Amino acid sequence: MVHEETAEDTFFRELGGACAELRQAFARHVGMSPHRVQLLIRLRRDGETSHSELRRTLGIDGASVTRLVKEFEAEGLVSRRLDPADNRYTLSALTPTGERCAADLDRSHQAYQERLLDGVPPHQRDLVLDALRRVRANMTEQESR
């Protein structure tokens, strides 16, 4: 039996595809892996951060966080230290060179987003945002039942 795609199927397929493509497209644009981009931008926005928090916010395993941080450390972009409050945790922060690199990346990301939204009027952006917020609220309601 052939199942015809419903309007809901189309909506979520397009939404999922756009999200997946967005994560990859900017990374390709700057010649970095998505996780490298996310880690640098996250450290710039949050400042010194524990590896466990990076793992949680980036949605990657601890070994991947450690590998990425060590790569950035070798490149002089990130420094690491044990958390003085609890030496079981490692903290990472951008070095001054890393801060400049992440700032450049952030500016490039902003310009890239502006180009992607070229021709999409503000009222259409607002409609999409409203719809996405409603979908997220509905998910929260469904999970609490």
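These questions and answers deal with the fold, helix 5 and the largest pocket of a predicted model.

Q: In what order do the helices and strands run from the N terminus on?
A: The chain holds six helices and three strands. From the N terminus on, these elements follow the order α-α-β-α-α-β-β-α-α.

Q: What radius of gyration does the chain have, set against a compact globule of 145 residues?
A: The C-alpha atoms fill a box of roughly 55 × 40 × 30 Å along the principal axes. Buried residues account for 26% of the 145 residues. For a compact globule of 145 residues the radius of gyration would be near 15 Å, but the chain has 19 Å.

Q: How far apart are the end C-alpha atoms of helix 5?
A: Helix 5 covers residues 96-116. Its 21 residues, at 1.5 Å a residue, should span 30 Å, and the distance between the end C-alpha atoms agrees: 30 Å.

Q: Which elements are included in what covers the buried residues of helix 5?
A: The buried residues of helix 5 are G98, A102, A103, L105, D106, H109 and Y112. The elements that cover them include strand 3 (90-94), helix 1 and helix 2.

Q: Which helix gives the most to the lining of the largest pocket?
A: The largest pocket has a volume of about 1,200 Å³, and 25 residues line it, with C19, L22, R23, H109 and Q113 nearest its centre. The lining divides into 17 nonpolar, four polar and four charged residues. Helices 1, 2, 3, 5 and 6 each supply at least two lining residues. The most, eight residues, come from helix 1.

Methods
Residues are numbered from 1 along each chain as its sequence is written. This is a predicted model: local features need pLDDT of at least 70, side-chain atom pairs count only at pLDDT 80 or more; totals for chains, interfaces and linings use all residues. Side-chain values use heavy atoms; hydrogens and water are left out. On a 1 Å grid over the protein atoms alone, a cavity is a set of points where a 1.4 Å probe fits but cannot get out, and a pocket is an open set with protein on both sides within 12 Å along at least five of seven lines; lining residues have an atom within 4 Å of a point. Grid points are joined across faces, edges and corners, and a volume is the space filled by probe spheres set on the points. Helices (H or I, at least four residues) and strands (E, at least two) are DSSP runs, numbered from the N terminus. Ala, Val, Leu, Ile, Met, Phe, Trp, Tyr, Cys and Pro count as nonpolar, Asp, Glu, Lys and Arg as charged, and the others, Gly among them, as polar. The expected span of a helix is 1.5 Å times one less than its number of residues. Buried means under 20% relative accessible area, exposed over 50%, partly exposed in between (1.4 Å probe, protein chains only). Contact means heavy atoms within 4.5 Å. The radius of gyration is taken over C-alpha atoms; the globule rule is 2.2 Å times the number of residues to the power 0.38.
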